Amino acid sequence: MVSKGKTRVLIAKPGLDGHDRGAKVIARALRDSGMEVIYTGLRQTPEDIVEAAIQEDVHFIGLSILSGAHTHIFPRVIDLLKDRGAEDIKIIAGGIIPDEEIPKWNDMGIEAIFGPGSSTKDIIKYINGKNIE
Amino acid sequence: MNKEQFLKKLNESDIRSVARLITLIENEDEIAESILKKVWKNTGNSYIIGVTGPPGAGKSTIVDSLAKHLAESGKSVGILAVDPTSPFSGGAVLGDRLRMSGAQSSGIFIRSVASRGHLGGLAATTRLLINAVELLGNDFTIVETVGAGQGDVEIVQISDTTIVVEVPGLGDEVQAQKAGILEIGDILVVNKSDRPGSDRLAKELQMMLSLGEEKEWKTPIVSTTATSGEGIELLWNEISNHQKYLGKQKFEAKRLEKFKYELENQISQKLFTKKIIEIGDSEITNVSTKILNREIDPFSAVDNIIKE
């Protein structure tokens, strides 16, 4: 079977918290929906993440952060992508992000945020709803 | 971006463009072929090291340490790491990068590749992916296979030096006598050498090699503990030795063999596709039904179709 144009997603776990269960659940769910998931594991710096996203030519970066470090990491990832001329890579996020902050992050370029209790089906639906090149 | 701009970026070894070309090749996009035609002359300049072995043997960690070692001695490296695609969903979790933080922080280009239904330990497009990576101007390309079974020997068709990674605890000495993956190693590695049974495995492999015919190149066995980097320098020395042993003449002869094999493959694939389209689905169903009902045997059926 010829498989053309797979959706590629980088799942990264920036910051210092070690709770990667959520990230692994998402990686598995995306795999089972036919996507290619690059899983980079714990304690990735924004620089690591952006470099990996470019080398892997992904359509989406999924960031999982539970420690509150997103206030530092989100802007950094957004800026680095801009610096590399790779703003077309979409960022989605999960973990503990306060509801009242979500509109602000959406404006800054985090396309979608999936908090605790989100269904993997919704995440897959969201990604599939975006037209990839 | 138009094609001219894309080509210009590729000639400048722009990482994003090389990564994009890899995607196009993986997708078997027509654009990839037209681009590769243009850049073909600039490819083929890296020494290709293949790393294979069973799942969990430590291939990624060895690749990581080796790549870091090379980078520290001033050599440039690119890595292609293949992981399996699910036969059910077509998706994949590509996790080799997880073990390659050393290479990643040394600025080495790493690309995770899904096998996309191809068997044998690699993706069908691997050779072309190497060519794409070579546009970065790297001295070495390291290709890591899917966690391989005994018969996944395709890596040998790709690499200049093939490394087979084994670990203690997987079977008795008869396993070492079996045909397949152990035969293709130019270098055998016993990884996790801090574990019990590793000395014995090294001895069994040594015994296996000594029972065979005397060969010009004596396959070395290197013990490593990849997580601590132990033995990696020895491994690199053996790769260098193998490279020296090949020299220009054997190296080129080996590569010529590969291109012959590849060319035959390409021809048979193109002819195959052409013929299948020519015959058409209804005729295939028709003849298959006859075979099923024992009206004709499959051998004559094929002969008839090919003669047409």
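**Exercise 1.** In this predicted model, identify which residue stands opposite B:Ile49, and place the pair in the sheet.

*Solution.* The residue facing B:Ile49 is B:Ile142, which belongs to strand 5 of chain B. The next step concerns the strands themselves: strand 1 (residues 47-52) and strand 5 (residues 140-144) of chain B pair in the parallel sense, over five bridges.

**Exercise 2.** Determine which strands of chain B helix 6 and helix 9 touch.

*Solution.* Helix 6 (residues 126-134) of chain B packs on the sheet and touches strands 1, 2 (77-83), 4 and 5. Its direction makes about 155° with that of strand 2 of chain B. Helix 9 (residues 232-279) of chain B also packs on the sheet, touching strands 1, 6 (161-166), 7 (187-190) and 8. The direction of helix 9 makes about 170° with that of strand 7 of chain B.

**Exercise 3.** State the strand order of the open sheet in chain B, and explain why one side of strand 4 and of strand 8 is left without a neighbour.

*Solution.* Seven strands of chain B are arranged as 4-2-5-1-6-7-8, with parallel pairing. Strand 4 (109-114) and strand 8 (221-223) of chain B occupy the edges; each has a single partner strand, so one side of each lacks a neighbour in the sheet. From one strand to the next, the twist averages 20°.

**Exercise 4.** Assess how compact chain B is for its length.

*Solution.* Chain B comprises eleven helices and eight strands. Its radius of gyration is 22 Å, close to the 19 Å given by the globule rule for 308 residues; chain B is therefore as compact as a globular protein of that length. Of the 308 residues in chain B, 38% are buried.

Methods:
Residues are numbered from 1 along each chain as its sequence is written. Chains are lettered from A and ligands numbered from 1 in the order in which they are written. This is a predicted model: local features need pLDDT of at least 70, side-chain atom pairs count only at pLDDT 80 or more; totals for chains, interfaces and linings use all residues. Two strands pair if DSSP finds at least two bridges between them. Helices (H or I, at least four residues) and strands (E, at least two) are DSSP runs, numbered from the N terminus. Axes are lines fitted to C-alpha atoms, for helices over the stretch in contact, and angles run from 0 to 180 degrees between N-to-C directions. Two residues are in contact if their C-beta atoms, placed from the backbone, lie within 7 Å. The radius of gyration is taken over C-alpha atoms; the globule rule is 2.2 Å times the number of residues to the power 0.38. A residue is buried if 20 or more other C-beta atoms lie within 10 Å of its own, exposed if 12 or fewer, and partly exposed in between; C-beta atoms are placed from the backbone.
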